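Hi,

Here is the structure I said I would pass on. Have a look at it first, then read my notes underneath.

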Amino acid sequence: MLIKSSEFKGAFGDWNRLPEENLPEIALVGRSNVGKSSLINKIVNRKNLAKSSSTPGKTRTINFYLLNNAFNLVDLPGYGYAKVSKAEQQKWGKTIENYLKNRKQLRGAIHLVDIRHEPGNHDVAMKEWLSHYEIPILLVATKADKISRGARQKQLQLISRKLHLNPDVRPLVFSAATGEGAGEIRDAIGEIIN
Ligand code: GTP
Ligand code: MG
């Protein structure tokens, strides 16, 4: 799918104050700092549409990006950032959960994990949670530029095993730094939307 236009539509503090419009949505979920905002920028070919930061916990609201005037990419706060207070983590957790559970416009989720690390408990919980609510998942292994080509297969197997992926599901390898995998993600988004 070709991305012809992109615009920031707004940042929202809670799921029940989101836009009422009826466009389909795809949400980005994953640990804080895994690269959700960077993925959005790469997909739309703009450097700073979504704000990314080397400090985890950058995205603290539900951020809407309208693409091709046809659907929304939804950037959610990351989970698992230890430096955020327990109370705030719980609040974000509830916001994410309510959004995923209740949002009628939601068509699928892009679940990001860092290709260098074994998925953590939060990642496992998120995967099981999405499966339980029958939300289609596109699993993306990010920061592929940070490991050698030779190490990839082993890491992908580790991720598949830990997240109990079906044997026919293959994580998509992506790098926001090199753009590797961006075309495949655009195509997968197109399939989810259509
Ligand atoms: P939160 O908003 O805190 O949930 O984080 P996020 O998931 O939106 O992560 P973000 O896109 O802000 O990226 C976090 C850091 O990782 C930034 O310093 C990015 O430049 C870096 N980063 C993201 N993707 C990649 C990648 O594919 N390769 C490399 N080398 N760095 C990346
Ligand atoms: Mg972010």
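Below is what I found, starting with the sheet and ending with the ligand.

One thing to keep in mind: this is a predicted model.

Let's begin with the sheet. It is an open one built from seven strands, and going across it you meet them in the order β1-β3-β4-β2-β5-β6-β7. The pairing is mixed. At the edges you'll find β1 (6–12) and β7 (172–173); each has a single partner strand, so one side of each is left without a neighbour in the sheet. The partner of β1 is β3 (residues 62–67): the two run antiparallel and are joined by six bridges. If you want a spot to look at there, Phe12 has Ile62 in β3 as its bridge partner.

Next, two helices. Helix α1 (residues 36–44) lies across β1, β2 (25–30), β3, β4 (71–75), β5 (106–114) and β6 (137–142), and it runs at about 140° to β2. Helix α2 (residues 86–102) lies across β2, β3, β4 and β5, at about 145° to β2.

Now for ligand 1. What surrounds it? There are 22 residues around ligand 1, the closest being Lys36, Ser38, Gly57, Asp145 and Ala176. Sorted by class, that shell holds 12 polar, six charged and four nonpolar residues.

A few polar contacts to oxygen atoms of ligand 1 are worth a click:

- Lys36, through a polar side-chain atom, at 2.7 Å
- Gly35, through a backbone N or O atom, at 2.9 Å
- Gly78, through a polar backbone atom, at 3.3 Å

On its own, ligand 1 has 660 Å² of accessible area, and the protein covers 86% of that.

Cheers

Conventions:
Residues are numbered from 1 along each chain as its sequence is written. Chains are lettered from A and ligands numbered from 1 in the order in which they are written. This is a predicted model: local features need pLDDT of at least 70, side-chain atom pairs count only at pLDDT 80 or more; totals for chains, interfaces and linings use all residues. Side-chain values use heavy atoms; hydrogens and water are left out. Two strands pair if DSSP finds at least two bridges between them. Helices (H or I, at least four residues) and strands (E, at least two) are DSSP runs, numbered from the N terminus. Contact means heavy atoms within 4.5 Å. Axes are lines fitted to C-alpha atoms, for helices over the stretch in contact, and angles run from 0 to 180 degrees between N-to-C directions. A residue is near a molecule or strand if one of its heavy atoms lies within 4 Å of it. A polar contact is a pair of N or O atoms within 3.5 Å; within protein, one must be able to donate a hydrogen and the other to accept it, and residues adjacent in sequence count only if both atoms are side-chain atoms. Accessible areas come from the Shrake-Rupley method with a 1.4 Å probe; for residues, only the protein chains shown count as cover. Ala, Val, Leu, Ile, Met, Phe, Trp, Tyr, Cys and Pro count as nonpolar, Asp, Glu, Lys and Arg as charged, and the others, Gly among them, as polar.
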